[in-house]
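Please load the model in your viewer and keep the selection tool ready. The tour below goes from one selection to the next and says what is there at each stop.

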Amino acid sequence: MSTAAAPVRTLRAGTVLADLVPSSRARDIALVVGGAALTGLAAQLSVPVPGSPVPVSGQTFAALLVGTALGARRGFLALALYAVAGMAGVPWFAQATSGYGMPSFGYVLGMLLASTVVGALARRGADRSVLRTAGAMVLGSAIIYAVGVPYLALATGMTLGQAVAAGLVPFLVGDALKAALAMGLLPSAWKLVGRKG
């Protein structure tokens, strides 16, 4: 009876994808380190944006994916590790940079908060349907910009309008594509797990 009940238990509300891996402290450490590393790797997929000190990169997508897949606590810890290691000199921020003096560091701080929020939403099932995933990704992106754009303005001396033009507007199309990718990946992963369960 316990083997038949196990798949049902793993798919209950309050479960994120990472919870489907057998629970242990080693698992949690591996997931946090892996989430930080994934974000660092994705950050290297970056393209400079003319007129902006902020490049287009894969790190925002990775941060939202990590938060959603790992849940709020592990997502926060993964992005905290990413931020702290990058501040300490690991060159895994966008374009192989590190430190906290760069104008785009506010986006890293925003990703830390956004991964926590989307992780909490995932525990409430926000990653199990296309529409709810879209909502979570839009909210996560908005949080990243809510921290990153004002930080960019303060760090560069831009007005808020200039910071919006340089640090938000050029990225909206890319964010829509990233959200569409997440809308396909996350609900599909749950459907696959449900079939195997």
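## Starting at L81

L81 is partly exposed, with a relative accessible area of 34%, where buried means under 20% relative accessible area, exposed over 50% and partly exposed in between, for a 1.4 Å probe and protein chains only. This is a predicted model, in which local features need pLDDT of at least 70 and side-chain atom pairs count only at pLDDT 80 or more, while totals for chains, interfaces and linings use all residues. Residues are numbered from 1 along each chain as its sequence is written, and side-chain values use heavy atoms, with hydrogens and water left out.

L81 has its place in helix α4; helices (H or I, at least four residues) and strands (E, at least two) are DSSP runs, numbered from the N terminus. Add I29 and V33 to the selection: together with L81 they form a nonpolar patch on the surface, with about 240 Å² of accessible area. Patches are made of residues with over 30% relative accessible area and no salt bridge, like charges being joined within 9 Å and nonpolar side chains (Val, Leu, Ile, Met, Phe, Trp, Tyr) within 5 Å; the areas come from the Shrake-Rupley method with a 1.4 Å probe, and for residues only the protein chains shown count as cover.

## W92 and the aromatic rings

Next select W92, which is placed in the loop between α4 and α5 and is buried, with a relative accessible area of 17%. Not counting residues up to four places away in sequence, W92 touches, among others, A36, A37, G40, L81 and Y82, contact meaning heavy atoms within 4.5 Å. For a distance check, measure from W92 to V66, where the C-alpha atoms are 16 Å apart in space and the residues 26 apart in sequence.

Now show Y82, F93, F105 and Y151 alongside W92, since these five residues form one aromatic cluster. Rings of Phe, Tyr and Trp (its six-membered ring) pair if their centres lie within 6.5 Å, and planes under 30 degrees apart count as stacked, over 60 as edge-to-face and the rest as tilted. The structure holds five aromatic pairs. One of them is formed by Y82 and F93, which meet edge-to-face at 5.2 Å centre to centre, with 70° between the planes. Because Y82 lies in helix α4 (residues 72–87) and F93 in the loop between α4 and α5 (105–122), this pair ties together parts that are 11 residues apart in sequence. Both Y82 and F93 are buried.

Move on to Y107 and Y145, another edge-to-face pair, with 6.3 Å centre to centre and 90° between the planes. Y107 lies in helix α5 and Y145 in helix α6 (residues 130–156), so the parts tied together here are 38 residues apart in sequence. Y107 and Y145 are likewise buried.

For a charge and a ring, select R128 and W190: the charged end of R128 sits over the ring of W190, 3.8 Å from its centre. The criterion is that NZ of Lys or CZ of Arg is within 6 Å of the ring centre and within 35 degrees of the ring normal.

## Salt bridges

The structure holds six salt bridges, each a side-chain nitrogen of Lys or Arg within 4 Å of a carboxyl oxygen of Asp or Glu. Select D28, whose side chain meets that of R27 in a salt bridge (2.9 Å, N to O). R27 counts as buried at 11% relative accessibility, and D28 is buried too, with a relative accessible area of 17%. The side chain of D28 also meets that of R73 in a salt bridge (3.7 Å, N to O). This second pair links distant parts of the chain, with R73 in helix α4 and D28 in helix α2 (residues 25–43), 45 residues apart. R73, at 52% relative accessibility, counts as exposed.

Then go to K178, which forms a salt bridge with D175, the closest N and O atoms being 3.8 Å apart. These two residues are three apart in helix α8 (residues 172–196), so about one helical turn separates K178 and D175. K178 is buried, as is D175. Finally, widen the selection to D19, R27, D28, R73, R74 and R123, which salt bridges with shared partners join into one network.

## Last stops

Keep K178 displayed and add S57, T60 and F61, which K178 touches when residues up to four places away in sequence are not counted. End at L121 in helix α5, which counts as partly exposed at 27% relative accessibility. Leaving aside its neighbours within four places in sequence, L121 is in contact with A126, A136 and L139.
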